[in-house]
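Please work through the following exercises with the model open beside the text, trying each task before reading its solution.

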Amino acid sequence: MSTIDLTDPRAIDLASDAYDDLEWEGARLRVRDLRVAFSPDGVRRDVVRGVTFDLEPGRCVAIVGESGSGKSVTARALVGLAGHGSIVEADELQIHGADALGFGAGDWRRVRGREVGFVLQDALVSLDPLRSVGAEIDESLRVHGAGDRAKRGARVLELLERVGVPDPAVRARQRPDQLSGGLRQRALIASAIALDPDIVIADEPTTALDVTVQAQVLAQLELMKARGASILLISHDLSVVAQLADHILVMRAGEVVEQGPAEVLLSAPRHEYTRALVAAVPGADTRGTRLSPGHAPVPAGVPAPIDPVPVLTATGLVRRFRGPGGSVTTAVDGVSFELAAGETLGIVGESGSGKSTTAKLALGLDHLDAGTVTLHGEPWAPLPESKRRTRRRLVSVVDQDPLSSFDPRWNVGRILLDALPRDVRGAARGERVQELLGQVGLNQDVLGRFPLGLSGGQRQRVAIARALAPRPAVIVLDEAVSALDVTIQAQILDLLVDLQRSTGVSYLFISHDLGVISHLSDRVLVMKDGVVVEHGTPGDIFERPQHPYTRELIASIPAFDYPLTSGKA
Amino acid sequence: MTAVRESDVPTTAGRPPRRRPPVDLVASLVLLGVFALAASVPQVLATHDAFAVDYHAALQATSLSHWFGTDESGRDLYSRVVFGSRESLLIGLGAAGVGIVAAIVLGALAALGPKPVAVVIDRFVEVLFAFPALLMALLLISVAGPSALTQILAVGAGTAPGYARMVRGQILSAKRSGYVQAAVALGHSPARIVRAHILPNALRPLVAIFALSVGQSIVWASSLSFLGLGVAPPSPEWGALLDAGRAYIVQAGWLVVIPGLVIVALALAATTVGRHLQTGLEKGEK
């Protein structure tokens, strides 16, 4: 098989011709060379080109791509919601055999909900905060004139039951803010399928959900598929897609670079970009290997020796928060750990597990209710800030959102100079900034630029350079790669591994992503409700989990078993 | 060559083509320029001696020789407006300046000061809020006597509480920001963080607020003069012109209408510029 050459304009045509030859019986959605463009200022900008696929009963087609790939625009174009000023063209666009290209606003309204259900990404903003979820679901029934009040009420309960919401009668009367993220997402699915559409388009249905909740939502979609629904799944997450999809389209910069049956595409990706995507998924098997292509292989030889004397020791950390009405929540409850030099300690947990609070306590940026932290054997927390300040340079931090951690008025050069310790003087300051740029793989020209004008990956590199500037002993990385596209995440993870080898710095690595944790960590703490439920090596945790919660967590990871040997050392 | 390096995919495309500046902004800037010229070198713009009394020409309507007409003493109203602009503008700018400086001091103390100080300042600002601004101005003027200086102080004191609240909010949000947290984690001293991050970021929006405040202050100062609580006639300060013209509102309506329009024009221009600055700054942050 040959790789599709994108520079050849005929490539896509050839690919879709080949696709046409296949016989599809009764496709519910038939898309041929879909193109979407915007022209806000009279200049036409194509954002999607050449999307071709069929969606049959009981099947799932997935569109995978990173931010800006055009996958969401494609999904929205299929329900007539591409947006103001958009131009949607196609050779064919058929919904249940009807030509959707000629649809007016009224036609689309009839199609949406009844024929095509659309599950939006963010349940919190997509549900009306002032209405009960029952009323929300009822509305789509009422608008489409589905029966009287009593009948609709029964139908709402039936729908909630069907998407796996426990106690539907109670839940239907609750507002979105009274429901957990998973229940909200399921309520949203219920409202999308209220009128029994046989096509369901789900745009990132599990993004921002905890992994155990994600597993429940995926199981729900799986069930709908088994019952004969056709699902179009939009996601950036290959492991989610691998779970559900029969056919996958990989999009990049508005183009479909590769498509094919899920098994074939994931196990033998032909396009370079698909290969990079598949290779970039971190996990236990990828430890010690490169996630991003085109870099030197991991230097051979032994990793930096792990010093038996701990750099950072936390003992019995407790942090309580006072809630309204005198209630007290214990966010962190007796957490202890040791971090050795050159070691990576991963803390994994779902939202509300107290992992970020633990990071803040370790950094000495939050008040400790009980417990102590020592740094190089000397007290670190609790300690008055004035006594700690001179040693602050030993502990650095990299956040999830680098942009908000930079002063918006400062360019990269000033940000890095500001982070240098005072004892670096004169010409040495400029040299050190150059050295830092080199270490994180950034070019000279970013120095004069502002964080706002940098890409997400570049920003995170600047944040890492700033963290390295004082030559710290420990860097606390709080969800530092969580907001990045998977290929960028792969590059940053590779960078972190390199930096640890060259500088011997220790990482306290906090993440909700088990794949990332198992890729990077030497030891892992699993947190739930402020307590460490299990700790051990990644091997212990991921292969021989002891605690029931850890087992549930491991079982929830979407299986992604497509190890790529090419492109890796 | 790497297939997917992020530097190939910048998040922001090239700058959009430069658009023409909005008409209202240009008109406002031109108007402010004319006022600034009138205030700095009135003799260039004036057509007559603003103080020369000519009873033969009293209460004449607008004409080619007297563009804005004449007052009860035959003085040329146009020239008086021109000569009055220096005092009017200085009072407006001064009052806005006093208001903003007081607001910065109060707001910064409330947000950064030690807790007891912050609590006292907060209560003080609340008390100021509770007083109608005009009542406070009356109080101040009855104590210190009407003059341009008390007018500036009175209007400044009237605007300060609102802006102090704004400054306090800005500083508090800067204090909670990620970049301040990052600076704390780097071990920078509180003084350095306030100087390098908190004040510059918190005070940036005040540039626009100041321009808005100038417009408002000029209107307030003129109202005080009109009530006889500020600069008194025969000074050609615009509020004073209104006050003097009040007696002839039936026979010579232009004596009130024209200075009134001038005040409105200046306030509008300053406000327009302020609004544009504000949206410009907000866009810059996005």
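The exercises below concern a predicted model and move from the whole chain to its sheets, helices and individual backbone angles.

**Exercise 1. Overall form and confidence**

Determine how the radius of gyration of chain A compares with the globule rule, and find where the pLDDT stays under 50.

Solution. Begin with the secondary structure, which in chain A amounts to 21 helices and 21 strands. The radius of gyration is 26 Å, close to the 25 Å that the globule rule gives for 569 residues, so chain A is as compact as a globular protein of that length. Along the principal axes, the C-alpha atoms occupy a box of roughly 70 × 60 × 50 Å. Turning to the interior, 48% of the 569 residues count as buried, and of the contacts between residues at least 6 apart in sequence, 69% link residues at least 24 apart. As for confidence, chain A has a mean pLDDT of 85, with 91% of its residues at 70 or more. The pLDDT is under 50 throughout residues 1–24 of chain A, a stretch with 23 contacts beyond four places in sequence in the model. It is also below 50 over residues 565–569 of chain A, where the model has eleven contacts beyond near neighbours in sequence.

**Exercise 2. The antiparallel sheet**

Establish the strand order of the four-stranded open sheet in chain A, and say which strands stand at its edges.

Solution. The order is S13-S12-S15-S16 in chain A, and the pairing is antiparallel. Strand S13 (328–340) and strand S16 (378–381) of chain A each have a single partner strand, so one side of each lacks a neighbour in the sheet. On average, with direction ignored, neighbouring strands are turned by 30° against each other. Within the sheet, strand S12 (residues 310–322) and strand S15 (residues 370–375) of chain A are joined antiparallel over five bridges, and Val318(A) faces Ala370(A) of S15(A). S15(A) continues to S16(A) through three antiparallel bridges, with Val373(A) having Ala381(A) as its bridge partner in S16(A). Two residues separate the strands of this hairpin, in which His376(A) adopts a positive phi near 50°. Finally, helix H13 (residues 355–363) of chain A lies across S12, S13, S15 and S16, and runs at about 120° to S12(A).

**Exercise 3. The mixed sheet**

Which strands are the edge strands of the six-stranded open sheet of chain A?

Solution. First write out the order, S17-S18-S19-S14-S20-S21 in chain A, for which the pairing is mixed. Strand S17 (395–398) and strand S21 (531–536) of chain A pair on one side only and are therefore the edge strands. The average turn between neighbouring strands is 20°, direction ignored. As an example of the parallel pairing, strand S14 (residues 344–349) and strand S19 (residues 506–511) of chain A are joined over five bridges in the parallel sense, and Thr344(A) has Tyr507(A) as its bridge partner in S19(A). Helix H17 (residues 456–468) of chain A lies across S17 and strand S18 (474–478), and runs at about 175° to S17(A).

**Exercise 4. Buried faces of two helices**

Locate the buried residues of helix H3 (residues 105–114) and helix H15 (residues 412–419) of chain A, and identify what packs on them.

Solution. In H3(A) the residues Val111(A), Arg112(A) and Gly113(A) are buried. They span an arc of only 165° around the axis, which places them on the same side of H3(A). The face turned away from that side carries the exposed residues Gly106(A) and Arg110(A). The cover over the buried residues of H3(A) includes strand S5 (92–95), strand S7 (116–119) and helix H5 (133–143) of chain A. In H15(A), the buried residues are Val412(A), Ile415(A), Leu416(A) and Ala419(A). Seen down the axis, they fall within an arc of 90°, so they line one face of the helix. These buried residues pack against helix H16 (427–440) and H17 of chain A.

**Exercise 5. Backbone angles**

Where in chain A do Pro382(A), Ala253(A) and Asp529(A) lie, and what are the backbone values there?

Solution. As background, most residues other than glycine have a negative phi, and most peptide bonds are trans. The bond from Ala381(A) to Pro382(A) is cis, with omega near -5°, and Pro382(A) is placed in the loop between S16 and helix H14 (385–388) of chain A. Ala253(A) has a positive phi near 50° and lies in the loop between strand S10 (247–252) and strand S11 (255–261) of chain A. With 17 other C-beta atoms within 10 Å, Ala253(A) is partly exposed. Asp529(A) likewise has a positive phi, near 50°, and belongs to the loop between strand S20 (523–528) and S21 of chain A. Asp529(A) is partly exposed, having 16 other C-beta atoms within 10 Å.

Definitions and conventions. Residues numbered from 1 in each chain as written. Chains lettered and ligands numbered in written order. Predicted model: local features only at pLDDT ≥ 70, side-chain atom pairs only at ≥ 80, totals over all residues. Rg over C-alpha atoms; globule rule 2.2 N^0.38 Å. Buried ≥ 20, exposed ≤ 12 C-beta atoms within 10 Å, placed from the backbone. Contact = placed C-beta atoms within 7 Å. pLDDT = per-residue confidence, 0-100. Pairing = 2+ DSSP bridges. Axes fitted to C-alpha atoms, helices over the stretch in contact; angles between N-to-C directions. Arc of directions from axis to C-beta.
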